[in-house]
Amino acid sequence: MASSVAINSEHTKSKAVNQQQPDNPYMIVRTLASNNAVVLFSMSGCCMCTVAKCLLFGLGVGPTIVELDHHSTGPDIQTVLFQLAKEGQQPVPAVFVGGEFLGGIETLMACHINGTLVPLLKDAGALWL
């Protein structure tokens, strides 16, 4: 777990160092989504997660992938993703593009088929062509 160290605590310049892994699962999701063009939350044995990865890699995108079953706060993150998912949708795969929650595999595939995925990826800085 990341530690917090105060620097120059006499002044108002107190800063936390190494806050890349916040404890709050919501903040983990928010930080990852806002600091990366594309984030894919996945489970290593999930076939639809593999489909999402293959689609993104096939388009030339290098997403940040978080395998929830290998992450220390994976179950808590999955709870956050479940709250974001629409009624009846699985929480993984969960795709964020440009800091915004795109959705699961259904939304990802629909955007690909209707031609809106590539422009979204370009706007997020995940594609340069």
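This tour moves from the whole chain to its nonpolar cores, a helix pair and one lysine.

The model is predicted, so local features require pLDDT of at least 70 and side-chain atom pairs pLDDT 80 or more, while totals for chains, interfaces and linings use all residues. Residues are numbered from 1 along each chain as its sequence is written, and side-chain values use heavy atoms, with hydrogens and water left out.

**Whole chain**

Begin with the cartoon view, which should show five helices and four strands (DSSP runs, H or I of at least four residues for helices and E of at least two for strands, numbered from the N terminus). Their order along the sequence is α-β-α-β-α-β-β-α-α. Of the 129 residues, 36% are buried (under 20% relative accessible area, with a 1.4 Å probe and protein chains only). The accessible surface is about 7,800 Å², and carbon and sulfur atoms account for 55% of it (Shrake-Rupley method, 1.4 Å probe). Among contacts (heavy atoms within 4.5 Å) between residues at least 6 apart in sequence, 53% link residues at least 24 apart.

**The cores**

Next, select Val 38, Val 61, Val 95, Leu 102, Leu 108, Leu 117 and Leu 121, which have the most contacts inside the largest nonpolar core, a set of 16 residues. Such a core consists of buried Ala, Val, Leu, Ile, Met, Phe, Trp, Tyr and Cys residues joined through side-chain atoms within 4.5 Å. At least two residues of this core come from each of strand S1 (38–42), helix H2 (47–58), strand S3 (94–97), helix H4 (105–114) and helix H5 (117–124). Centre on Leu 108: not counting residues up to four places away in sequence, Leu 108 touches Ala 52, Leu 55, Leu 56, Val 95, Leu 102 and Leu 117. Apart from the largest core lies another, of 15 residues, including Ile 28, Ala 33, Cys 49 and Val 66.

**Helices H1 and H3**

Now select residues 25–35 (H1) and 74–84 (H3), whose axes come within 8 Å and cross at roughly 75° (lines fitted to C-alpha atoms over the stretch in contact, with angles from 0 to 180 degrees between N-to-C directions). H1 is therefore roughly perpendicular to H3 (65 to 115 degrees). Pro 25, Tyr 26, Ile 28 and Val 29 of H1 meet Asp 76, Ile 77, Val 80 and Leu 81 of H3. Seven residues of this contact are nonpolar, none polar and one charged (Pro and the residue types of the core definition count as nonpolar; Asp, Glu, Lys and Arg as charged; the others as polar).

**Lys 53**

Finally, select Lys 53 in helix H2. Is Lys 53 buried or exposed? Lys 53 is buried, at 14% relative accessible area. Leaving aside neighbours within four places in sequence, the contacts of Lys 53 are Leu 40, Ser 42, Ile 65 and Glu 67.

How values were computed. Buried means under 20% relative accessible area, exposed over 50%, partly exposed in between (1.4 Å probe, protein chains only). Angles under 35 degrees count as roughly parallel, over 145 as roughly antiparallel, 65 to 115 as roughly perpendicular and the rest as oblique.
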